[in-house]
Amino acid sequence: MRAQHELLHGRARLRPRYALFPLEGYPCSRLPHWPGVEARVLASPAMGAAFVEYLIEPKKGQQGAARADGRVETFLFVIAGAVDITIDGTRHPLGAGGYALVPPTVDLAVSATADSRLLVLRKAYEPLAGVAAPGPLVGDAARVPGEVYLGDTGARLQTLIPDELPYDLAMNIFTFETGHSLPVVETHVMEHGLWFLQGKGLYYLDDSWMEVERNDFIWMGPYVPQSFYATGPVASKYIYYKNVNREIPV
Ligand code: UGY
Ligand code: MN
């Protein structure tokens, strides 16, 4: 919030193929399955994305759900705080870094055991003929090793979901030490929904470098040229979604 005598300005950008949204100036939505909970709709088909991503901030004791509809799968990641999730009648406590992928045929219930900040991503699951759909997956980012990315020990990639045919999405955490970067400007058909967890740097989107920092969201649509430099002083870290492992519909 700026005082009345100050100029208004911001880094928010919405373009046909990408968006950059700082948290400042992002009003809340009310979602029917998250009664009374502060929620922000970061990505949606309204902007051109083929998925939905929410930032959800339940207070201790508040609850939410994603109902099985046979069509839409749900990924949940705990940025901060703690929740109990119930999948198929089994309860799992998740702290910061905990995550779950719940298929469209299974109900997910969430109960915050502390004030929390969650990312929730929903997309239509794309079945693959001859390949059984996966069951629920629960994990903890702290237990996922960071693999050296393309030979650069200052860039580490954690793959939270197995890169196997039953799964049609990737959720990865990238960590860049100060001064390290993606090695190229990459361009690909896959989309990204990216939440900046830590640090700051410069993101290349389409044809421009833009300053980005913790608590920014970026949507990258198909084929948007993209790259990143971490400027420090602390390591930069972001979690991002990517649609993978499927033919491209024509
Ligand atoms: O997996 C990726 O496409 C990743 N290298 N993209 C990105 O970090 N913008
Ligand atoms: Mn990419």
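**Exercise 1.** Determine in which sense, and over how many bridges, β6 and strand β11 (residues 117-124) pair.

*Solution.* Step 1: β6 and β11 pair in the antiparallel sense, over eight bridges. Strands are DSSP runs (E, at least two residues), as helices are (H or I, at least four), numbered from the N terminus; two strands pair if DSSP finds at least two bridges between them. The model is predicted, so local features need pLDDT of at least 70 and side-chain atom pairs count only at pLDDT 80 or more, whereas totals for chains, interfaces and linings use all residues. Residues are numbered from 1 along each chain as its sequence is written, chains are lettered from A and ligands numbered from 1 in the order in which they are written, and side-chain values use heavy atoms, without hydrogens and water.

Step 2: Within this pairing, Val120 of β11 is the bridge partner of Leu76.

**Exercise 2.** Identify the bridge partner of Phe77 in β9.

*Solution.* Step 1: Strand β9 (residues 98-102) pairs with β6 in the antiparallel sense over four bridges. Step 2: In β9, Tyr99 is the bridge partner of Phe77.

**Exercise 3.** State how many residues of strand β6 (residues 72-80) are buried.

*Solution.* Seven of the nine residues are buried, that is, under 20% relative accessible area (exposed is over 50%, partly exposed in between; 1.4 Å probe, protein chains only).

**Exercise 4.** Explain why one side of β18 (208-213) and of β20 (226-230) is left without a neighbour in the sheet.

*Solution.* Step 1: The open sheet has three strands, ordered β18-β17-β20, with antiparallel pairing. Step 2: β18 and β20 stand at the edges and each has a single partner strand, so one side of each lacks a neighbour in the sheet. Step 3: Strand β17 (residues 200-205) pairs with β18 over six bridges, and Lys200 stands opposite Glu213 in β18.
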